[in-house]
Amino acid sequence: MPVGDYSIFSVMKEALRGHTGWGPAWRDAEPKPAYDIVIIGGGGHGLATAYYLAKEYKAARIAVVEKGWIGGGNVGRNTTIVRSNYMLPGNIPFYELSMKLWEGLEQDINYNAMVSQRGVLNLYHSDGQRDAFARRGNSMRLHGVDCELLDADAVRKMVPFLDFENARFPVHGGLLQRRGGTVRHDAVAWGYARAADRHGVDIIQNCEVTAFRFENDHVVGIETSRGYIGAGKVGISVAGNSSRVAAMAGMKLPIESHVLQAFVTESIKPFIDGVVTFGAGHFYISQSDKGGLVFGGDLDGYNSYAQRGNMPVVEDVCEGGMALMPRIGRVRLLRSWGRHHGYVDGRQPVHRSHPHQGSLFQWRVVLRRLQGDASGGHVFRASDCTR
Amino acid sequence: MRINCPCCGERGIDEFSYYGDATVTRPDLTSPTAMAEFVAYAFERANIPGPHRELWYHAAGCHLWLVVTRNIATHEILSVESARDVALARNANAKGSA
Amino acid sequence: MTGQINRLPSGGIIDRSRGVRFTFDGIVYDGHPGDTLASALLANGVTLTGRSFKYHRPRGILSAGSEEPSALVELRTGARREANTKATMAEVFDGLESTSQNRWPSLRLDLMSVNSLLSPIFVAGFYYKTFMWPAALWEKLYEPAIRRAAGLGRASQSADPDTYEKATAFCDVLVIGGGPAGLTAALNAGRSGARVIVADENFALGGRAIDDAAEIDGKPAAQWVAAAEGELAAMKNVRIMRRTTVFGTYDGGTYGGVERVSDHLATPPAGIPRQRLWHFIAKRSVLAAGATERPIVFGNNDRPGVMLAGAVRTYINRFGVKPGQRAVVFANNDYAASTVTTLKRAGVEVAALVDSRNAPSSYVSGIVGAADVRLISGAVITTVNGGHKIKSVNVRTADGRSIKLDCDLVAMSGGWNPNIQLSTHVGGKPVWDDVICSFVPGTLPPGMVVAGAASGALGLKDALDGGAASGASAAGATGHKPAGISVPSAVNESVAISPLWRVDGCTGKSLVDMQNDVASSDIELSNREGFRSVEHLKRYTTLGMATDQGRTANVNALAIMAELTQKSIPQTGMTLARPPYSPVAIGALAGHHRGKEFKPSRRPPSYTWTKENGGKFNETGLWLRPSLYPKSGESDWLDTVKREVNTVRSSVGICDVSTLGKIDIQGADAALFLDRVYMNGMKTLAVGRCRYGGMMREDGILMDDGTVARLAENHYFLTTTTANAVKASQHLELCHQWLWPELDVQMISATEQWAQYAVAGPNSRALLQKIVDPEFDITDKGFPYLQVGGITVCGGIKARLFRLSFSGERAFEIGVPARYGDSLLRRLVEAGKEFGACVYGTESLGVMRIEKGHISGPELNGTSTARDVGLGGMVSTKKDFIGRVLGDRPGIADPDRPALVGLRPVDRTARLRSGSHFLSRDAKPTAENDEGYMTSVCYSPTVGHWIALGFLKRGPQRMGEIIRAYDPVRGGDTLVEVVSPCFVDAEGEKVRG
């Protein structure tokens, strides 16, 4: 059996010889002089893009260049939630495409990313919030996406340990997407990397882009810390670094980079099943398969590239947690981290085309959400290469 | 982070609220390219790591708007000025160069 | 009960005069105040304390501090049960109950240890490669099984009964750690007069000086520590904080700390919190957090009875407990050799000192010679034999022979890792130090200096010296000049080391991360599969992600990966530490913000009267606004609303509108200023008149609406919506201070200064005439619609009267200083009796505004424009104002955008629901056919059926069309007719009187 295939049989076979037969999940590729397509950024979006491109355009020479290690950006620093319970036009189809891709992902890429559809429940605490959720839920249903509007009793049955008795903002109900859930975020990056690699994509780590090279207003390649790499097309998928990379191509984006902190607790026995978000404070939570409670809340609120936040938001998020589920009080926060995203006004992801001085250079800025990793890659592929 | 408010002294950031880029200036309505200028003013941002001039509001204090120069890669605060003073100087300069 | 068989007859700093009784897994044991749970268990001969995460391997006590990866217990029971509590940090108290974790059915007989047999399969990352087929089984079978097996302890299933507090403390110098370096730092900083806080995570100061029973100033360390503590306690400018972990460094000299106020007691005393969160705001800090000893990686190095050598000394010296009867000491460094002396002094037999270095230093030879202990140089332990208890170890000697040494205790030392975490939280990069073979702080956070073992100075004298110098320099930097640095005398231990990270050729698992069961072979696998970057290694194997924060694992793992990839350790990398230094209870981070105290409650002036009269409230932001005033005999809220609305429309009603934002604006340029912030003209507003106005954001989206009243030539009074009061005020300040600083304008929020009531209905004037002082003419002629003026009420109380109407009736708003708010309501109610007046809340207010087609929160939703809400005609084209240009940008000026309409059900008995989407009558329910949505609905008592407002594509051009209101989430699908948004008195006659 080729070492590439992952299955219980290959694992058992390897167990008998001390797992000495496994090879690298992806090759640590050296840059070649030129590619048809170069994707800048080895995060979830970049790797997914490379994978779907390579799968569809088998002859294309494709590379992903990453300044550090793959999966080190937002895909490695999030709260692992996947969902398509959005409201505004354009968002639902995008994230729903992603949901559908998540649902068959593991078999497609032969990597268990632990896509776990245990449900995403957004709580509401007033009639106005209920109606806004109804609007959102109806919008999802019009898009063919599953969604239920629960009343307080139904919520109580699902998550009886919320503070129903003494809450400052009592729970009136919730919007539930049962197909929403979580994934093992790092595995998404690794799985796509491995699958892309198996389709011939070169994944080049520790390779920082320093400039673009243009000829007649067309991009022809990139300068990197590991030398010049020619490129027929270049995709940018660098999340919070979008402005920085786009600036090298002379573009100013409608983006600010912000820090969003996330938290995980010590590992405990099963405590909460699906994802719950608080509607009257900044707090959402799930529990990983390893047992840690994974939670987050609001942005720190100021521009930052530092990948870390400050105490006021840590406290704000924990306050939301205690207000919603006061049995969480003695569970200990183990780690906190921050990631920097791009945000645009209105805080919606940006997917747009931008002619570079009339050239055919195309870029996509795909930012913010793990939920969109699969579809971001897919959409990028569809729009860039089917023209 | 702590911001040294010129009116109140040094306070924690939980007293302040953040607004954004202080380097953009509101364009003139009568400019022939007003729409493009307003789009750039409202949306486009340099957003690169390093010192960043930005507006903060002392919401839980004196209600002064501040221009804070802060390294957004390190969070180090390099200077804090009253936004009104900065704006007056900006206007004076604009007049001088006109 | 076997008694404290391992308690030494004397020594330690426990209180032998008193006993405490506690339980572990239901068995009762005795200990002394001053014991940790770990020391007390060891005193009682208990070495098996838990099971490991994945393989359920038996585990004991490895360390004596917060780095403990193995001895985790469930502490307390019921609602106070705390999972994963480190036995090495928990202080024993009388009645303490503790339970082992992650085993079934019992700790000794753990059937889950079958996992250990499957360990060849359960290697790092195996789950990424399997459980994929068939796909349906993942959520049904595989994942639930994994979730049940995962996790360590069980968290409480009940609300936390204890309370928490938050506090802030300012100081010149924060000293982190109260060991030898911390104490000399605090003494020298304190003597200079600087304000000093010295915090230590432990319940006693002294650190390793006590643990090693060192000598300072020629006295036992405990005596010197007590004297130092006494001196510090006597200084008014010094605060000593025991049981306080500084867990995070944040920007701007802010440090997070958690004080475990009552964790050493059975329950917190009344009025005392369990824990207190501290924000330390320090001009300077001295990081004197000590160092953590490294395990050595060899076969079965996780067995109960394998301990860190420093911990063995701690248990003997500090707690008077011998952790075993016959020990083998295994080390790669000089420092650990003193363990031999300590063990011998405690009466523990020492089988040998196994030193991995070929040539023993004279320091080591001297120690073993004096203790008469066998030294085996150039040798390593390959394997520990025994399960729940150690029986022996296999030692491979320098010439390759294997010998077996009987023992029940292994004291190991692979060297020391400085506790540098707090120096890296804000981005400081550590550097590799070849002398101590570990990372030491490199670039430091602004204002921080490092002293003692945390800086890599492991010797006692160096720690004392470094602490003193750091304390003095830190104080000096804050303007406090010490008289001179004073340092006690001490001798440095030898800390010479030759690295040994892992022993090759072992049998049995060689653990690197003991809690997460990451073995040396997992790192090899990680390397083989290309997960070589330190972040990949960590994430792929889960190494370093356990509750010890990787303190016992990370450097060993890096060294092993470096060896495998033939790189140096610093080339291999270093994962940056992130807060917290050790895990912090979420309750502490939340403080008192839970339950009703989660957020402050803002009470409007009518709050007390409403309470007294059985009114209901709803939460509107932080406000508790009266929503309904049910009367007996009314069967539901709708009955109440019908009565209230009918009363207003037929007679008069009173409503508290104080929560609307109010902003007072004055100045010579006030008119010009308002003209620039409102989309409609304000300059032309006459003195004594009010006008409705809308404010946009610069991007052309409607931001807020409200009224502007011109009280005098240069004096305006604005209202905003309740929700946007703060935002609008901040926005106006920005416009003034930043955009147009040259304008002569001053403003202040007056929301809380004025109590304001709407008095609405045909009889509103009649009612008010009984309140308003008679010299004021409030007739329709003397005080017409949109008039405003200063008046007095109730015999001379200053008030303001506005002729405004949200209900569409003849109506007034009357404002008085907030302190009169309660009594004004009472007077209005009294005066209203003859008219049958009612007091009404937000429900009826909402009904009447929907009947009139006035927009509110659901329409002002952050995506709507003036045109969308039907106010396009108000937008001025004659002036610049915020939002003027971008309000015309293509996307939002699209005439196809959904715009405001009214809707009524074709079947007049049908109920409408907000959030329904609009579809053309015969359209299929698909996203392409979505034409808008319903924003506000109510049952209108005035027209006698449900009515609604909504945004419909090209709505204003579709009057009379029948469309579908589609609401699948609530099972609704109702035909509705598109009508004007104004359902009542479309001509606006009534409002004028």
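**Strand pairing in chain C and contacts of chain A**

In the hairpin formed by strand 1 and strand 2 of chain C, Asp25(C) adopts a positive phi near 50°. Two residues lie between the strands of this hairpin. The model described here is predicted. Strand 1 covers residues 20–24 of chain C, and strand 2 covers residues 27–31. The two strands of chain C pair in the antiparallel sense, with five bridges between them. Within this pairing, Phe22(C) of chain C faces Tyr29(C), a residue of strand 2.

Strand 1 of chain C also pairs with strand 7 of chain C, residues 97–100. Here the strands run parallel, and two bridges join them. Phe24(C) has Ser98(C) of strand 7 as its bridge partner.

Further along chain C, strands 21, 22 and 23 form an open sheet. Their order is 21-22-23, and the pairing is antiparallel. Strand 21 (380–385) and strand 23 (402–406) of chain C are the edge strands, each pairing on one side only. From one strand to the next, the twist averages 25°. Strand 22 of chain C spans residues 392–396. Five bridges link strand 22 to strand 21 of chain C in the antiparallel sense. In one of these pairs, Val380(C) is bridged to Arg396(C) of strand 22.

Chain A is divided into two domains. Domain 1 of chain A consists of the segments 27–82, 87–111, 185–254 and 349–385. Domain 2 of chain A consists of 120–182 and 256–343. Contacts between them involve 19 residues of domain 1 and 25 residues of domain 2 of chain A. On the domain 1 side, strand 3 (81–82), helix 3 (91–109) and helix 7 of chain A each supply at least two residues. Helix 3 of chain A gives the largest share of that side, four residues. By class, the domain 1 side of chain A that touches domain 2 holds nine nonpolar, seven polar and three charged residues.

Chain A also meets chain B. In this interface, 18 residues of chain A are in contact with 18 residues of chain B. Three elements of chain A give two or more residues to the side that touches chain B: helix 7 (242–248), strand 12 (256–267) and strand 15 (292–303). The chain A side of the interface with chain B comprises eight nonpolar, six polar and four charged residues. Helix 7 of chain A thus appears on the side touching chain B and on the domain 1 side touching domain 2.

How values were computed
Residues numbered from 1 in each chain as written. Chains lettered and ligands numbered in written order. Predicted model: local features only at pLDDT ≥ 70, side-chain atom pairs only at ≥ 80, totals over all residues. Contact = placed C-beta atoms within 7 Å. Nonpolar A, V, L, I, M, F, W, Y, C, P; charged D, E, K, R; others polar. Pairing = 2+ DSSP bridges. Domains from an automatic or database assignment. Axes fitted to C-alpha atoms, helices over the stretch in contact; angles between N-to-C directions.
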